[in-house]
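Okay, thanks for coming, everyone. Let me put the sequence and the model up so we can walk through them together.

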Amino acid sequence: MSDWDFLHDMYNEGYSSDQIMDAAACGYNPAEVDIDALGYSSDDWEVIDDDEYISEDLSVDPELVSIFESLVDNAESFYTLTNRYLQIWGELGELFAEIEYGIKRHKPRTKGSDGKIGNDFIEVKTISPEKNKDQVKVKRAGNFNKLLIIKINKDFTFKGHFISRKDLPKGEGKHATASWPNSKNCK
């Protein structure tokens, strides 16, 4: 069994295309994560100001920046040649978050969040140029107190926007939907 067979299982179990794409982007089926069983509690999360995440003096590995730029160039070249997108949006979004915001990513297949800034758990969701809506779905059970939405435009430019967990819509479902803001306050 390969590491990606769960995507076929999700399809066979009736998950939507968006849910399967989200699972492919993060490397696991987010609907199967029980964050309480991992010992995390949202009561322990500290709410902080978004401005704390934007820093000009981030120390980023220049080799990582070079790889990111090369991946974006290759994805753009592939699209120009074939009129098809490479399905690497989640990884590109997380790399951008690491480079632009200094997120220290967790080890692969860590459940609950994608990384940390200081003591804060960050969940990164990417809006690809293929999506019809500027929205992302995030598991309510995830261990994060900030959601970082990365938007990749058709011209392969990237922007990011933080949303506090407390600002996500309330509800009973497994997922909350967050929309890309129409304002220009996105980096």
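I'll start with one strand, go on to the cores, and finish with a helix.

Quick housekeeping: this is a predicted model, so to speak of local features we need pLDDT of at least 70, side-chain atom pairs count only at pLDDT 80 or more, and totals for chains, interfaces and linings use all residues. Residues are numbered from 1 along each chain as its sequence is written, and side-chain values use heavy atoms, with hydrogens and water left out.

Right, strand β5, residues 146–152. Helices (H or I, at least four residues) and strands (E, at least two) are DSSP runs, numbered from the N terminus. How many of the residues in β5 are buried? Seven of seven, where buried means under 20% relative accessible area with a 1.4 Å probe, protein chains only. K146, L148, I150 and I152 point one way, while L147, I149 and K151 point the other way, and all are buried. Yes, that list includes K146 and K151.

Now its partners. Two strands pair if DSSP finds at least two bridges between them. β5 pairs with β3, residues 120–127, in the parallel sense over six bridges, and K125 stands opposite I149 there. With β6, residues 158–164, β5 runs antiparallel, joined by seven bridges, and L147 faces I163. The β5–β6 hairpin has five residues between the strands, and F156 in that hairpin takes a positive phi near 65 degrees.

On to the cores. A nonpolar core is a set of buried Ala, Val, Leu, Ile, Met, Phe, Trp, Tyr and Cys residues joined through side-chain atoms within 4.5 Å. The largest has 22 residues, and those with the most contacts inside it are F68, Y101, I103, L148, I150 and F158. α3 (62–82), α4 (89–101), β3, β5 and β6 each give two or more residues to this core, with the largest share, seven residues, coming from α4. Apart from it lies another core, of 12 residues, among them V138, F144, I149 and A176.

Last, helix α4. Of its 13 residues, 10 are buried, including W89, L92, F96 and Y101. Does the length agree or disagree with expectation? The expected span is 1.5 Å times one less than the number of residues, so the 13 residues of α4 should span 18 Å, and the end C-alpha atoms are 17 Å apart, which agrees. Just after α4, G102 takes a positive phi of about 75 degrees.

Technical notes: Buried means under 20% relative accessible area, exposed over 50%, partly exposed in between (1.4 Å probe, protein chains only).
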